[in-house]
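Biologist: I am new to this structure and should be grateful for a close look at one part, the interface. Please describe it in one connected account.

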Protein chains: 2
Amino acid sequence: MQTIHTIHELRSAVKQAKIDQPGIRIGFVPTMGFLHKGHASLLEAARTQCDLVILSIFVNPLQFGPNEDFERYPRNEEGDLAVAKAAGTDIVFLPSVEEMYPQQTRTIVSVSQVTERLCGASRPGHFDGVATIVSKLFNIVQPDAAYFGLKDAQQIAVITQMVNDLNMPVEIIPCPILRESDGLAMSSRNVYLQPDERKQALVLSASLQMAEGLIREQHTNIDLTMLNEKITRSIQQAPLAVIDYVEILAYPSLETISSLKNVEQIIIALAVKFGKTRLIDNIIIRLV
Amino acid sequence: MQTIHTIHELRSAVKQAKIDQPGIRIGFVPTMGFLHKGHASLLEAARTQCDLVILSIFVNPLQFGPNEDFERYPRNEEGDLAVAKAAGTDIVFLPSVEEMYPQQTRTIVSVSQVTERLCGASRPGHFDGVATIVSKLFNIVQPDAAYFGLKDAQQIAVITQMVNDLNMPVEIIPCPILRESDGLAMSSRNVYLQPDERKQALVLSASLQMAEGLIREQHTNIDLTMLNEKITRSIQQAPLAVIDYVEILAYPSLETISSLKNVEQIIIALAVKFGKTRLIDNIIIRLV
């Protein structure tokens, strides 16, 4: 496994691989590090489907708001390299902020509509930062396929929209959410949780499961306003939970819907704060 | 010379060329068609420096404002193909609007600062349209080098900024302005000019030459406000000329300057309407 810190070296390594193995398929897993089993599952998927697996670890300042957790975002390079190696990664790209942004960027890639709701509404500028850094990384790595976890379902919707709109020559591969044995969606931010917050955070996955059960029972007759209220009340049973949003939208368009009639697929998406830690979770339900 | 109308076929042709000739250098000339000798000079530069020369002809609706000349922009496919062939083009890419924008794009590539003045100020949204279509074309063609004419000097500044900021793997090659024998900068829009407008339009290149002469005489002592006024008065000697802007800026940053002291390179840029036709011209002057 090669560890590379500069854009120039990364390009050279990719170029060399293409010379050594013409027609090579390059799989790319862009991350912010502090890797958990969810990230490992993306690397393993890439390993199965590609000849060369490249992981990037970069905590991207551009996608954090001024009052967000950029500075204290958890970092663990040694642990990350161990996870990467165990998952069969070929190249780890670990650029510095100065390497990725030698000057303040004047170019922003901005995706509208799919960014209007959910985290796009509560984290202004966040998805511009995501689309811009992913564009940069795609241009540097030039992968054939890129792997993203469905925990950030809106991120996948945004990136898929961007790739289609801008004709980027890369296939976006969504991978399932990985959960702890008790149901909590794996996240680098889980490490922030105090023991009582960690316990109460189970209300997220439990509420999503409850909602899915109700939809499976009542099918398209279900009243979405009532369903939203039930999820909200269920989350509020955890005294430490402060709800940012509970939304039921069409997926992947992320358009609002008034009923489940004539809708192919929905997402129920949650963002909830426990103390200083903002967690997200979601479930995507295919209806037809 | 191959003529291709779809993205899929273009990608296949490029892929095949890369298989047939490993390490091939691809030169790309994106245009809106109605080709003149200026475009031909870009193709010839690409022909000299590259193994495969690809020309695109696409009148991009996204870069035209609601009151601009998208509908009446001049088109001449047959003439364009003859120019392309004579210049040694290998592939002409002629997509339809539906091919490039099957849905309304939700993704915009936006460059700030270098777009604030000149045509960026008088044509709001224009450079977002330019940056977005050029991103799309770069992703489709995946060229090693792309050739642009310096008549659209701000366009080159915008694209260079975008390529640097987004780490696009392409070299931007600026090529000199070509002029008619009487000095008028070549432009597809010159065809709009009525005979009296055509005659008076010479005031653009004449005013730029006059300004360059004054700078060569007075060097960095020149008063830029006075120089701007002299250029303005010179243009106003043409009764049909309606000035959009006369600007003297640092190049390629396009920042405002109060004197020529400690400035490496400037651009004097003009946009002037003659009847319904808006012409631009510029001169770039290296000072040190």
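Modeller: Buried area is the accessible area (1.4 Å probe) that two parts lose on being put together, summed over both. This is a predicted model, in which local features need pLDDT of at least 70 and side-chain atom pairs count only at pLDDT 80 or more, while totals for chains, interfaces and linings use all residues. Residues are numbered from 1 along each chain as its sequence is written, chains are lettered from A in the order in which they are written, and side-chain values use heavy atoms, without hydrogens and water.

Between chain A and chain B about 2300 Å² is buried, and carbon and sulfur atoms give 43% of this area. Of the area that chain A buries against chain B, 32% comes from Arg106(A), Thr107(A) and Asn167(A), more than from any other three residues. With contact taken as heavy atoms within 4.5 Å, 26 residues of chain A and 26 residues of chain B take part.

The rule finds 0 salt bridges across this interface, a salt bridge being a side-chain nitrogen of Lys or Arg within 4 Å of a carboxyl oxygen of Asp or Glu.

The two chains also meet through strands, which are DSSP runs (E, at least two residues) numbered from the N terminus; two strands pair if DSSP finds at least two bridges between them. Strand 5 of chain A pairs with strand 5 (residues 107-111) of chain B in the antiparallel sense, over 5 bridges. Within this pairing, Ile108(A) has Ser110(B), in strand 5 of chain B, as its bridge partner.

Definitions and conventions. Helices (H or I, at least four residues) and strands (E, at least two) are DSSP runs, numbered from the N terminus.
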